[in-house]
Structures are given as structure tokens and as C-alpha cells.
Amino acid sequence: MKQIACIVGARPNFMKMAPILRALEQYSDVQTLLIHTGQHYDALLSDVFFQELGIRAPDVSLGVGSGSHATQTAKLLTGLEKTFLDAPDGAGSWSGVVVVGDVNSTMAAALTAAKLHIPIAHVEAGLRSFDRRMPEEINRLVTDSISDLLLVSEPAGVKNLKGEGHSEEKIFLVGNVMIDTLLQQVDRARTRKLLPDLSLTPGQYCVVTLHRPSNVDHLSVLEGLVQVLEDVSKDLPVVFPVHPRTRGRLDESGLTARLEAAPDIRLLEPLGYNDFLCLTSQAKVIVTDSGGLQEESTALGVPCLTMRENTERPVTVEEGTSTLCGSDARMLSSCLNDIIHGRYKSGRCPDLWDGHAAVRIAEQIVASW
Ligand code: UD1
């Protein structure tokens with residue numbers, strides 16, 4: 001029996017791991033162990049995704065919680081090492097470890113496994129923003145450099161990995177597993193009652209998410225973005241589910257009150273997967289700094305104005321519906337104007353974002369281990 005550890009920790013991991021677990025479980029000689037590090041622990045950032053995506057309860061929950069990067073990573077390393085070594089044959093019990101994305105839990109699980117000589121598969125390998133001030137970029141570089149199977153979502157990832165000297169034998173373009181979940185859920189999500197509850201009309205509102213430290217941890221940048229949202233709301237109602245990191249910064253700086261005072265901005269708590277997909281799939285435009293949402297908007301064909309200077313997901317700009325706006329209010333409002341007047345580009349869904357990435361991922365993993 002192949003024993004495979006599947007690691008999740010933070011919100012964007014859950015929708016990627018759900019279809020991978022299902023695909024691995026189709027193999028009678030594979031046993032998966034689901035480990036939740038607890039990097040995200042709030043019900044709205046974690047439990048709700050398990051319920052809605054039908055993910056079984058974790059076999060192991062480490063409860064590492066929040067902290068500085070060093071504190072959180074140290075807890076992740078010690079918790080994961082103990083879990084791997086506590087198996088009946090210690091590290092030798094494991095055929096491999098599957099990690100997804102670029103969060104601290106991804107990097108820590110890869111590092112722990114590598115030191116114990118356990119093979120690693122990295123799903124979403126090769127993405128690069130070339131901006132090492134992003135914590136996720138460090139996580140991507142470290143994870144890829146020690147992974148044995150590099151499972152890639154878009155062609156740029158293959159190019160980056162080859163450019164870094166990774167052996168071609170380790171690299172597989174498998175497509176985008178997050179889109180597996182999106183395609184599986186979108187029809188059901190659209191039937192939810194969220195739009196009437198929020199007095200929103202399909203195709204007539206803007207969804208906003210912001211959580212990157214580079215946007216929300218510096219008051220001058222955050223204030224500029226709040227101004228942008230106030231401007232946007234003059235043309236389109238804005239609905240803004242607020243990440244806890246962002247909520248903290250907005251509250252500390254008094255900006256929550258300013259947003260709440262704007263007539264057409266609705267601040268919400270973080271939403272579950274289906275409510276959020278209900279919103280995004282029927283939006284006129286999405287304004288975000290999220291990596292995952294750049295991809296989801298491209299798959300949905302909804303315009304996405306990305307509040308970042310760079311992206312590790314270039315296919316969303318080159319083929320998809322995304323435009324990079326930095327933190328530039330003028331650029332944002334000019335793109336919005338184009339969208340409102342029907343002058344914005346229309347994108348296409350990239351190859352292999354077809355709902356079957358998890359099957360290809362499981363095939364590679366099972367063939368390799
Ligand atoms: C993390 C990931 C980021 C991902 C994002 C999605 C890293 C380095 N960052 O960022 O790539 O896009 O998740 O959400 O791994 N908090 C809560 N409840 C929780 C978890 C966090 O209130 O359940 C608050 C805490 O104040 C915490 C802060 O949010 O300090 C940041 O959490 P953390 O996990 O460090 O990073 P995120 O900003 O969520």
C-alpha cells in the first residue's frame with residue numbers, strides 16, 4: 001500500500017487538495033493521510049471549505065496558528081516532523097508527500113519531508129513573480145528546489161523551472177486543479193440567494209478582495225486603495241468580503257469607518273466557497289490582489305483588475321481576463337471605464353484548465369511512487 005501524506009494549511013489550499021484527494025482515492029493501492037497544519041483556523045477560512053467541498057475531516061490537525069514567519073514556520077516544521085516520524089515505520093512509512101500552492105505550510109511541509117528523505121510532489125510548481133519581497137515567492141523557490149515531482153498549471157511554470165535548471169523528467173504540465181473545483185461547483189453556487197440578499201443585480205456589481213501584505217500592511221498604500229474603492233462605488237456597487245489580516249489593518253487605521261460610510265460599498269465577513277463563487281461568477285468586474293482569483297476570473301470569463309505590479313500567473317493576463325493595475329488608481333479607473341463601456345478585452349480559458357487536472361496529477365504521482 002502506498003501511504004501518501006496530503007498537506008493543507010491555509011484557505012487557498014483546500015479547493016486545490018479536494019479534487020486531488022478524490023483522484024488519489026480511486027487507486028486501490030493508495031492510502032492518503034490528510035494533514036491540516038492549522039495555519040488558518042477560523043471557521044470562515046477553514047471549516048466552511050471542508051463542509052462545502054466535501055473534504056473529510058483531517059486525519060491529523062496540528063493547530064500551529066498565526067505568528068511571525070519564523071514562529072509559524074518553526075511550529076510547522078516541528079509539528080510535521082513529529083507527524084511523519086510517528087508513523088509505524090517512521091519516515092520510511094511514507095511513499096510521498098503532496099503539497100499545493102505557495103503558503104508557509106507548503107514550504108514547511110516540503111522542507112520537513114526533504115530532510116526525512118520522503119519524496120515530494122509540488123502542485124502549482126514553477127510559478128514566479130520574480131519579486132522576492134513576496135513571502136509566497138520565497139515559498140515557491142524553496143519548495144520547487146527540493147521537490148521530486150513538479151506539477152505545473154500553466155506553460156510559464158515549465159519555462160521557469162527549465163530556466164532554473166530543473167530536470168525535464170521531473171516537470172509535468174498538468175493544468176489547473178483549482179479550476180477542477182470551480183467547474184464542479186459553479187452551477188450549484190449560482191443558485192444561492194446571496195445576490196438578492198445583498199440587493200445586487202447579476203452583472204451589475206464589482207467584487208473586491210485584498211489581503212497581500214504589500215497592499216494592506218502599509219497605511220499609505222491601503223489608504224490609496226480605499227480611495228480607489230470609494231471612486232469605483234460611484235459607478236458600480238462594491239461588495240468586499242474582508243480577510244482577517246485586512247480587517248485588522250482597516251480597523252487600526254480608522255479606514256473601516258470610511259468604507260462603511262460610502263453609500264454603495266458592502267463590507268462582509270470572509271465568505272464560504274459557494275457564496276463567494278456565486279458572487280464572482282456573476283460580477284461585472286473583480287478587483288483583487290489574490291493569485292487564485294486571477295485564475296478563477298479567467299476561467300469564468302469575468303474581467304479582473306489585479307492590484308499588483310507583477311503576477312506569477314502570466315497566462316491570466318496574456319490569454320485571460322486579467323490586467324495588472326499595480327496600486328494605480330488612475331489605471332484602475334480607466335480600466336473600469338472600459339469595462340463599463342464594453343471596451344475591455346475578452347479572454348479565453350487556458351489549455352488544461354478543463355476540470356481534469358486532478359486526474360492527471362494523481363496519475364503522475366501514482367506512476368512515480
Ligand atoms: C496566507 C498566505 C497567502 C495566502 C493567504 C490566503 C503565507 C505566507 N501567506 O496569508 O499566500 O494568499 O493565506 O488567505 O502563507 N488570521 C485570522 N484567522 C485565521 C488565520 C489568520 O484571523 O484563521 C489573521 C491573523 O491575524 C494572522 C493574519 O490573519 O496573523 C495573517 O495570517 P497568515 O496565515 O499569516 O497569512 P495570510 O495573510 O492569511
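Here is a chat about how some helices pack and what surrounds the ligand in this predicted model.

Biologist: Why is helix α1 called oblique to helix α17?

Modeller: Helix α1 (residues 11–24) and helix α17 (residues 357–368) pack at an angle of about 55°, their axes being 8 Å apart. Roughly parallel needs an angle under 35 degrees, and roughly perpendicular runs from 65 to 115. About 55° fits neither, so α1 counts as oblique to α17. The crossing of α1 past α17 is right-handed, by the way.

Biologist: Which residues of α1 and α17 meet?

Modeller: From α1 you have Pro19, Ile20, Ala23 and Leu24, and they meet Ala358, Val359, Ile361, Ala362, Ile365 and Val366 of α17.

Biologist: How do the residues in that contact of α1 with α17 divide into nonpolar, polar and charged?

Modeller: Ten are nonpolar, with no polar and no charged ones. Ala, Val, Leu, Ile and Pro are among the types that count as nonpolar, so the names in this contact fit that label.

Biologist: What makes α1 roughly perpendicular to α7?

Modeller: The axes of α1 and α7 cross at roughly 85° and come within 7 Å. The range for roughly perpendicular is 65 to 115 degrees, so α1 gets that label against α7. On the α1 side the contact involves Met15, Lys16, Pro19, Ile20 and Arg22, and on the α7 side Val177, Met178, Asp180, Thr181 and Gln184. That contact of α1 with α7 divides into five nonpolar, two polar and three charged residues.

Biologist: And why is α7 oblique to α14?

Modeller: Helix α7 (residues 177–190) packs against helix α14 (residues 291–300) at about 60°, with axes 11 Å apart. Since roughly perpendicular begins at 65 degrees and roughly parallel stays under 35, about 60° makes α7 oblique to α14. Here too, α7 passes α14 in a right-handed crossing. Met178, Ile179, Leu182, Val186 and Arg190 of α7 make the contact with Gly292, Glu295, Glu296, Ala299 and Leu300 of α14. These residues split into six nonpolar, one polar and three charged.

Biologist: How many residues surround the ligand, and which are the closest?

Modeller: There are 17 of them, and the closest are His40, Asn104, Glu136, His211 and Arg245.

Biologist: How do you know that His211 makes a polar contact with the ligand?

Modeller: A polar side-chain atom of His211 is 2.8 Å from an oxygen atom of the ligand. The cut-off is 3.5 Å, so the pair counts. For His243, a polar side-chain atom lies 3.0 Å from a ligand oxygen. Asp42 uses a polar backbone atom instead, 2.8 Å from an oxygen atom of the ligand.

Methods
Residues are numbered from 1 along each chain as its sequence is written. This is a predicted model: local features need pLDDT of at least 70, side-chain atom pairs count only at pLDDT 80 or more; totals for chains, interfaces and linings use all residues. Side-chain values use heavy atoms; hydrogens and water are left out. Axes are lines fitted to C-alpha atoms, for helices over the stretch in contact, and angles run from 0 to 180 degrees between N-to-C directions. Helices (H or I, at least four residues) and strands (E, at least two) are DSSP runs, numbered from the N terminus. Angles under 35 degrees count as roughly parallel, over 145 as roughly antiparallel, 65 to 115 as roughly perpendicular and the rest as oblique. A crossing is left-handed if the near helix is turned anticlockwise from the far one by less than a right angle, and right-handed if clockwise. Contact means heavy atoms within 4.5 Å. A residue is near a molecule or strand if one of its heavy atoms lies within 4 Å of it. A polar contact is a pair of N or O atoms within 3.5 Å; within protein, one must be able to donate a hydrogen and the other to accept it, and residues adjacent in sequence count only if both atoms are side-chain atoms.
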